[in-house]
Amino acid sequence: MNQLKNHADDRLISGCIYCGGAAETRDHVPSRILLEPPYPENLPVVGCCEQCNKGFSKDEEYVICLIEAVLAGSANPDAIKRSRVARSLRRSPALQARIDAARREVDGRIEFAVETDRMMNVMLKLARGHAAFELSQPCRKVPDHFWCGPLGSMSEEMRESFNAAHVQQMFGEVGSRVLQRMLVTQLVVSSETGKESQVRFLFNDWVDVQDGYYRYLAIDDIGGLVIRIVVAEYLACEVAWRSNE
């Protein structure tokens, strides 16, 4: 993916973006466990403390193993398509047993009970990372909106809206990476009298980190910040922090 240099005010982001402590190390956003080798070049990285960097790993492993188990209908490593995830399950029989224990059949469908706290911990971590890297905005407080679920659980109309590029109404942080990624599109519109005029739109589109494995959209506009994430083209998430103004 294209790596852009941040030209926003450096003072906006200081310390660990997750807890505010000393930024002793750097963290990939998204974490490489959610991707497949060979990894994309120029993965986004953010500053974080040692404790936070290590503190998410078990939950991240749980989330990706759960997603792949859902897609396969089983936590049996032999049924898992992604070899790295299958290896993780073989290395951790306790994790495999935990996910297997969450499996159930409902009306002929296989479902898995989700450990909500662990899922939320990972998705919020990712959202905060994207907000810091793309929007130059620290978002350590509790979000005003959080939703996470299967992309396929949305209605067609909701899915189209979720997947659409964002039409920007107001500039976010000047110099931020998201502002550099935006595209200007010009359309010709006709009035009821047939008079034509040109209208320009500023589009903020999704960033495809790795096709089929991870993409995100970071929005800083009227009303606040919104981060949308799709993992493995299965798990969708939307997190929002309203503007304080």
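Start with α3 (83-91): this helix gives 3 residues, the largest share, to the lining of the largest cavity. The model on screen is a predicted one.

**Stop 1: the largest cavity**

Select I33, I64, C65, R84, V85 and S88, which line the largest cavity. Then colour α2 (57-72) and α3 (83-91), the elements that each give two or more residues to this lining. What is the make-up of the lining by class? It has 4 nonpolar, 1 polar and 1 charged residues. The space enclosed there comes to about 40 Å³. With a threshold of 30 Å³ or more, the count for the structure is 2 cavities. Rolling a probe the size of a water molecule over the atoms is what shows where such empty space is left.

**Stop 2: the open sheet**

Next, hide the cavity selection and show the strands in the order β5-β12-β11-β10-β9. These 5 strands form an open sheet with antiparallel pairing. Which strands are at the edges? They are β5 (145-150) and β9 (207-210), each of which pairs on one side only. Neighbouring strands of the sheet are turned against each other by 15° on average, with direction ignored. In general, the strands of a sheet pair through backbone hydrogen bonds, either parallel or antiparallel.

Now zoom in on residues 214-221, which are strand β10, and residues 224-231, which are strand β11. How many bridges join β10 and β11? The two pair in the antiparallel sense over 8 bridges. For a single position to centre on, pick A218, which stands opposite I227 in β11.

**Stop 3: the cysteines**

Finally, select the cysteine sulfur atoms. How many disulfides does a search of the whole structure find? The result is 0. Centre on C19: the nearest cysteine sulfur belongs to C16 and is 3.7 Å away, and C19 is in no disulfide. A pair counts as a disulfide only when the sulfur atoms are within 2.5 Å, so the C19 and C16 sulfurs do not qualify. C19 has a relative accessible area of 47%, which makes this residue partly exposed.

Move on to C237, which is also in no disulfide. The nearest cysteine sulfur to that of C237 is in C148, 4.4 Å away. Is C237 buried or exposed? C237 counts as buried, at 0% relative accessibility. To end the tour, keep C19 and C237 selected together: C19 is partly exposed, whereas C237 is buried.

Note on methods
Residues numbered from 1 in each chain as written. Predicted model: local features only at pLDDT ≥ 70, side-chain atom pairs only at ≥ 80, totals over all residues. Heavy atoms only, no water. Buried < 20%, exposed > 50% of the residue type's maximum accessible area, 1.4 Å probe, protein only. 1 Å grid on protein atoms, 1.4 Å probe; cavity = no way out; pocket = protein on both sides within 12 Å on 5 of 7 lines; lining within 4 Å. Points joined across faces, edges and corners; volume = space filled by probe spheres on them. Helix = DSSP H or I, 4+ residues; strand = E, 2+ residues; numbered from the N terminus. Nonpolar A, V, L, I, M, F, W, Y, C, P; charged D, E, K, R; others polar. Pairing = 2+ DSSP bridges. Axes fitted to C-alpha atoms, helices over the stretch in contact; angles between N-to-C directions.
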